[in-house]
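Subject: Structure handover

Hello,

Here is the structure I said I would pass on. My notes on it follow below.

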Amino acid sequence: ILRTKTIIGIVSPSSPIAAECPRRTERGIAELQRHGYEVVLGMHARAKTYHTAGTPEERASDLMSLLANPDVGIIMATIGGNNANEMLPHIDFATIRKQIKGLKLFVGYSDNTILLHALWEFANVTTIHGPSLLPQFGEYGGVHPFTLESFQRVTERIYSNTTYELPMSTSWTNERLAWDEEDIRPRCYSVNEGWWSLRSGNATGIRKGGSVERQA
């Protein structure tokens, strides 16, 4: 079971946004620290090599280094992108499986979904489809309370054999503010009027998250 004193390692598996938006990056780091986490950045987490945060080898090296670090409990992506798949040939899954001692989590979404599946299937790493450094923790005014509560509830109780009932956020937003330019105020939120379903009924089983993208 992980606690808020857990050390979080930060990696950029794809996009170099952490380098392009330094104020947003620093806000995200400060927000994690404000909530009791220690933060360790991968060597290339703030790198920029054209459209990626370093070469595939460099990004894979950062991930493997943090997974091998016994003090790091959670590895969190800065953001998604389009090129996390390039890392796969350079990740030594067998070595990761041997090196891991205790509970280790990898958290991300979007393009990082491929790493969620690969690390779970081939390296026995527990993975969570969850928040990233810049989009969620880098928000002006701090991470949304619902996001923080959900993140902490899942990470702190994982494998504790307790039931997790998915709560409902009281608010939501899709307002776009350009990072490091317009995000100098909190975004405008709307009241969440409740759940709605595409199809009624009940289901049981194992759910594997996928990458869902919205096209303009």
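**A crossover at the sheet edge**

Strand E4, helix H5 (residues 113-123) and strand E5 together form a right-handed β-α-β unit. Please keep in mind that this is a predicted model.

The two strands of that unit, E4 (residues 105-108) and E5, run parallel and are joined by four bridges. One of the pairings puts leucine 105 opposite threonine 126, its bridge partner in E5. E5 itself covers residues 126-129 and has two unlike faces: Thr126 and Ile128 are on the covered face, while Thr127 and His129 are on the uncovered one. In a regular strand, side chains alternate between the two faces of the sheet.

As for the helix, the buried residues of H5 are Thr113, Leu115, Leu116, Ala118, Leu119 and Ala123. They pack against helix H3 (56-68), helix H4 (93-99), E4 and E5. After H5 comes asparagine 124, which has a positive phi, near 60 degrees.

**The whole sheet**

The sheet is open and has five strands in the order E2-E1-E3-E4-E5, with parallel pairing. Strand E2 (38-41) and E5 stand at the edges with a single partner strand each, so one side of each has no neighbour in the sheet. On average, neighbouring strands are turned by 25 degrees against each other, direction ignored.

Further in, strand E1 (residues 7-11) pairs with strand E3 (residues 72-77) over five bridges, in the parallel sense. Here isoleucine 7 has valine 72 of E3 as its bridge partner.

**Helices on the sheet**

H3 lies across E1, E2, E3 and E4, and runs at about 170 degrees to E1. H5 also packs on the sheet, where it touches E4 and E5, and its direction makes about 155 degrees with that of E5.

The length of H3 can be checked. With 13 residues at 1.5 Å a residue, H3 should span 18 Å, and its end C-alpha atoms are 18 Å apart, which agrees. Its buried residues are Pro56, Arg59, Ala60, Asp62, Leu63, Met64, Leu66 and Leu67. The cover over the buried residues of H3 includes E1, E2, E3, H4, E4 and H5.

**Two nonpolar cores**

The largest nonpolar core has 23 residues, and those with the most contacts inside it are Ile8, Ile10, Leu32, Met76, Leu133, Phe137 and Phe151. Two or more residues each come from E1, helix H1 (17-20), helix H2 (22-34), E3, E4, helix H6 (133-137) and helix H7 (145-157). H6 gives the most, with three residues.

Isoleucine 10 has contacts from several parts of the chain: leaving aside neighbours within four places in sequence, these include Leu32, Val39, Leu41, Leu66, Met76 and Leu133. Another core, of 22 residues, lies apart from the largest one and has Ile100, Leu115, Ala118 and Val125 among its members.

**Proline 13**

One loop residue remains. Is proline 13 buried or exposed? Its relative accessibility is 1%, so proline 13 counts as buried, although proline 13 lies in the loop between E1 and H1. Not counting residues up to four places away in sequence, proline 13 touches Arg59, Ala77, Ile79, Asn83, Ala84, Met87, Asn112 and Leu115. Proline 13 and glycine 108 are 95 residues apart in sequence, and their C-alpha atoms are 9.8 Å apart in space.

Regards

Technical notes: Residues numbered from 1 in each chain as written. Predicted model: local features only at pLDDT ≥ 70, side-chain atom pairs only at ≥ 80, totals over all residues. Heavy atoms only, no water. Buried < 20%, exposed > 50% of the residue type's maximum accessible area, 1.4 Å probe, protein only. Pairing = 2+ DSSP bridges. Right-handed = clockwise from strand over helix to strand, strands pointing away. Contact = heavy atoms within 4.5 Å. Axes fitted to C-alpha atoms, helices over the stretch in contact; angles between N-to-C directions. Expected span 1.5 Å × (residues − 1). Core = buried A, V, L, I, M, F, W, Y, C linked by side-chain atoms within 4.5 Å.
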